[in-house]
Amino acid sequence: AILVILVLRLAPPPKRSMSVRHSAIFSKAEPIKCSGPTCSTPTINCSLLLLLLLSLIQLSGPVAAILSGALPVDWDQFGVGVAFLIGGEVVRRPIFCLLRVLYLRRAVGLSDAEITDIVGTRLSLPQDWLPNLLADPRTKTRIKVCDVLFRKGGHVFTLTSTIIFNAFVVDDLGALVLSVSLGSVLLVMVQASAISLFRGAAHRGHWWWLSWLFGAADRIRDGRLGQQNAMMGSTSMMWGIVASFGIALLGLPPQEDAEKLWALATQLVLLPLTYGDAMGEIIGTPFGRHRFKVKGLGEINEKSLEGCAAVFLGSLIPGLIVLGTGAADPCAIPAAWGLAAAIAVLTTITETIAFRSTDNFVIPACNAVLVVIWWHVGLAVDEGNDAYDVLDSFDSGNHSLAVKSPAFGNTPTYGLVE
């Protein structure tokens, strides 16, 4: 919000003179004809059903684990978690949408009709809508800034709130995973219903408030596929969070036996997704000069070397801060400083090669695999070096000694005497 206010104060709206053809595209009186295969009703419905199916499959994993008893849930914490997540998004999404409208009107100088086309479904717009919109270099630059502020601003807000949510609100793993999974499914269902029911020129006016469902995450430069890209990004993010916790459940000791290990692993896995991925667009979009094409869901699919460097630094620095400030115990994982650097390198690679809008899944899933492998390798090395400290505690009932090891976050743990 502060950045938007500064931009609006320092940058007066440009005076734009649209061509007759350009003006006709945004005229409310002009009937907008659908063109291109992406606008056909069967294709749109199939894409919405696919996104909904992916969300349901993502939810089925935690539900199956809970029903089988592999993932216990504190239902009181689950209720708190759902209220926290819904409350945060209900407040954030309208604010981001209203700020984006204000920015487009004041800083970019778009008319209400042009803004209506941006906040709407865009599926009924002509194929040349986006090239015409970005024809003016100054408008193109300010729309880049708009995408950075509001799409990645929401990205950082959502993931930061998830980390805070896990650290201070809900510490039960089952409640966390189930609440974020269920929230993702409900959001995608409502978004898909809105696109399906209110598609076309006759419903353009409704999108002044229906756009709140997307929270300004539908990037303008993705063109007519902006909302589908936002839905895919949201779905893949929840897939990534659920998959990373699933990988940790399979590869790490139980959370109750290694709380420090889990605390550090969670931050090393999610922080690169939160800040590294965001920095790639924040730096690469306005400042990237060495660009290259990538695959993705959208009309403009590009990355830059400058953005890749920003992803690396945005992934490395938060991890180093966590380790250096004691926010998490660096002894919980062997050679944790090296792991932070390795995760930064891996995040840069996966963010670059992943299909655009799926990196929210690929980054945390790959990072979780790396953390598990790193921990097991470090555990094997420590066992070879006898890196266990026997404490002055003996339980005669089960003939065990209390030992302390990096494998369990240096938390005193009873182990059988050999």
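Is Asp147 buried or exposed, and what is its relative accessible area? Asp147 is buried, with a relative accessible area of 2%. Here buried means under 20% relative accessible area, exposed means over 50%, and partly exposed lies in between, computed with a 1.4 Å probe on protein chains only.

This is a predicted model, in which local features need pLDDT of at least 70 and side-chain atom pairs count only at pLDDT 80 or more, while totals for chains, interfaces and linings use all residues. Residues are numbered from 1 along each chain as its sequence is written, and side-chain values use heavy atoms, with hydrogens and water left out.

**The chain as a whole**

The chain has 14 helices and 5 strands. Helices (H or I, at least four residues) and strands (E, at least two) are DSSP runs, numbered from the N terminus. Of the 418 residues, 51% count as buried. Among contacts between residues at least 6 apart in sequence, 75% join residues at least 24 apart; contact means heavy atoms within 4.5 Å.

**Helices α4 and α13**

The expected span of a helix is 1.5 Å times one less than its number of residues. The table sets this value beside the distance between the end C-alpha atoms.

| Helix | Residues | Expected span | End C-alpha distance |
|---|---|---|---|
| α4 | 75-108 (34 residues) | 50 Å | 47 Å |
| α13 | 336-353 (18 residues) | 26 Å | 26 Å |

For α4 the two values agree, and they agree for α13 as well. At the N-terminal end of α4, Asp74 acts as a cap: one of its side-chain oxygens lies 3.1 Å from the backbone nitrogen of Asp76. This is a polar contact, a pair of N or O atoms within 3.5 Å; within protein, one atom must be able to donate a hydrogen and the other to accept it, and residues adjacent in sequence count only if both atoms are side-chain atoms. After α4 comes Gly109, with a positive phi near 85 degrees. In α13, the buried residues include Ala336, Leu339, Ile343, Thr347 and Glu351.

**Residues in α7 and α11**

Asp147 is found in helix α7. Leaving out residues up to four places away in sequence, Asp147 touches Lys152, Arg219, Ile220, Arg221 and Glu281.

Thr274 belongs to helix α11 and is buried, with a relative accessible area of 0%. A polar atom of the Thr274 side chain lies 2.8 Å from the backbone oxygen of Leu270. Apart from neighbours within four places in sequence, Thr274 is in contact with His155, Val156, Leu159, Thr160 and Ile163.

Leu261 also lies in helix α11, and its relative accessible area is 0%, so this residue counts as buried. Leu261 and Asp329 are 68 residues apart in sequence, yet their C-alpha atoms are 7.8 Å apart in space.

**Cavities**

On a 1 Å grid over the protein atoms alone, a cavity is a set of points where a 1.4 Å probe fits but cannot get out, and a pocket is an open set with protein on both sides within 12 Å along at least five of seven lines; lining residues have an atom within 4 Å of a point. Grid points are joined across faces, edges and corners, and a volume is the space filled by probe spheres set on the points.

By this rule there are 3 cavities of 30 Å³ or more. The largest cavity has a volume of about 120 Å³. Its lining includes Ser244, Phe245, Trp262, Leu270 and Val372. The elements that give two or more residues to this lining are α10 (226-251), α11 (259-287) and α14 (359-384), and α11 gives the most, with 5 residues. By class, the lining of the largest cavity has 10 nonpolar, 2 polar and no charged residues. Ala, Val, Leu, Ile, Met, Phe, Trp, Tyr, Cys and Pro count as nonpolar, Asp, Glu, Lys and Arg as charged, and the others, Gly among them, as polar.

The second largest cavity has a volume of about 70 Å³. Of the 11 residues that line this cavity, the closest to its centre are Gly120, Thr121, Arg122, Ser124 and Arg204. Its lining divides into 3 nonpolar, 5 polar and 3 charged residues.

**The second largest pocket**

The second largest pocket holds about 720 Å³ of space. Of its 28 lining residues, Asn166, Asp171, Gln255, Glu259 and Trp262 are the closest to its centre. Helices α7 (137-169), α8 (173-197), α10 and α11 each supply at least two residues of the lining, with the largest share, 6 residues, coming from α11.
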